[in-house]
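Let's take a walk through the aromatic rings and the nonpolar cores of this protein. Have the sequence and the model open side by side.

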Amino acid sequence: MALLTIFTPAYNRAHTIGRTYGSLCRQICHDFEWLIVDDGSSDNTRELVRSWYTDATLQETVFELKGYSKDAPWLYIHYIYQQNQGMHGAHNTAYDHLSTELNTCIDSDDYIPDNAVEKIVGFWQSQSVEDKQKYAGIIGLDIDDKHKEIIGLPFPKGLISTTLSGYYQNGGKGDKKLVYRTDIIKQTPKYPIFRGENYVGLNYKYLIIDQNYELLVLNEPLIIVDYQADGSSSSMYRQYWKNPKGWSFYRKFEMTHSLSLKRRFQVCIHYVSSSIICKNRNFIAESPCKLLTILVIPLGCLLYWKIKYSVKHQVKMKVG
């Protein structure tokens, strides 16, 4: 069995996922499997993935394809199709089908350096048995596809381990690549699904894990990120507007798990705006930080109007 599963949520990304596939075929280390969760694509994603298999190993049902790549015969690919549930729903499905010791997500518009798997596997295997049980996994660096530069900041020299939230609270910046132990990721609750919505912050699970485990720091680039004009990052204002229940859920959770007063202040502002969007009149009673929520109501109202304006005028959020 492979050590690592790379899973890829995909939604109408037939025009980019081929680059992801190509980067996996070029990996120096072959100690991984690829799991694709097609989250209700209406383009030719399924047909494209089917073309990557060798005929001899292809097993097909209505919703699944399993077999080995014809371009890299050692690469095992598992494809699952589901009705659209959003990124977090695709993550739920991926976690249900993991069987390897480690896992990491590579989005369908991103790709990885040829030595990325080699770095992950080699770094993990170099750890003692005790450290493998002590830490939740690995945190590494992201590179921007456009400029080929590290996104945000590298890790401070000498930093051995950190939680994801602790990294940002201590001045860290930019997206980072997370590689988790599968047993730990499976122990955390699933992302909730709200009818009519398709977004819950992925940090929900990561923040739960942060309460008990740190991540080993690998100060090396593990992924090359290509932010898309129609991606969830740049369209975050629209995500706020269309998924207020999911955001309210996450903001309430974050209020009780954030150690930073500044962060709780920011979270309460967002919670107020999401509550206004979903017309929740009981938001104060439901808030874990009632007094702070009351104090930031004016700022929450201002954020609500900013989100409404941004959605109406299709303002993109700056990412990277």
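## Around Y180

Start with Y180: setting aside neighbours within four places in sequence, this residue is in contact with E101, L102, N103, A136, G137, I185, Y206, I209 and L215 (contact means heavy atoms within 4.5 Å). A quick word on ground rules: this is a predicted model, where local features need pLDDT of at least 70, side-chain atom pairs count only at pLDDT 80 or more, and totals for chains, interfaces and linings use all residues. Residues are numbered from 1 along each chain as its sequence is written, and side-chain values use heavy atoms, with hydrogens and water left out.

## Two nonpolar cores

Y180 also turns up in the largest nonpolar core, which has 49 residues. Here, a nonpolar core is a set of buried Ala, Val, Leu, Ile, Met, Phe, Trp, Tyr and Cys residues joined through side-chain atoms within 4.5 Å; buried means under 20% relative accessible area, exposed over 50%, and partly exposed in between, using a 1.4 Å probe and protein chains only. Y180 is listed with L35, Y95, I139, L178 and Y206 as having the most contacts inside this core. Helix α11 (residues 261–277) supplies the largest share, six residues. Helices are DSSP runs of H or I with at least four residues, strands are runs of E with at least two, and both are numbered from the N terminus.

Where does this core lie relative to domain 1 and domain 2? Domain 1 (4–225) and domain 2 (232–313) both give residues to this core, so it lies between them; the bounds come from an automatic or database domain assignment. A second, separate core has 39 residues, among them C29, A72, L75 and V117.

## Rings meeting rings

The whole structure holds 20 aromatic pairs. Rings of Phe, Tyr and Trp (its six-membered ring) pair if their centres lie within 6.5 Å; planes under 30 degrees apart are stacked, over 60 edge-to-face, and the rest tilted. F7 and Y95 make an edge-to-face pair, 5.5 Å centre to centre with 75 degrees between the planes. F7 is in strand β1 (residues 4–10) and Y95 in helix α3 (residues 86–96), so this pair ties together parts 88 residues apart in sequence. F7 counts as buried at 1% relative accessibility, and so does Y95 at 5%.

Elsewhere, ring pairs join Y191, F194, Y204, F249 and F253 into a cluster.
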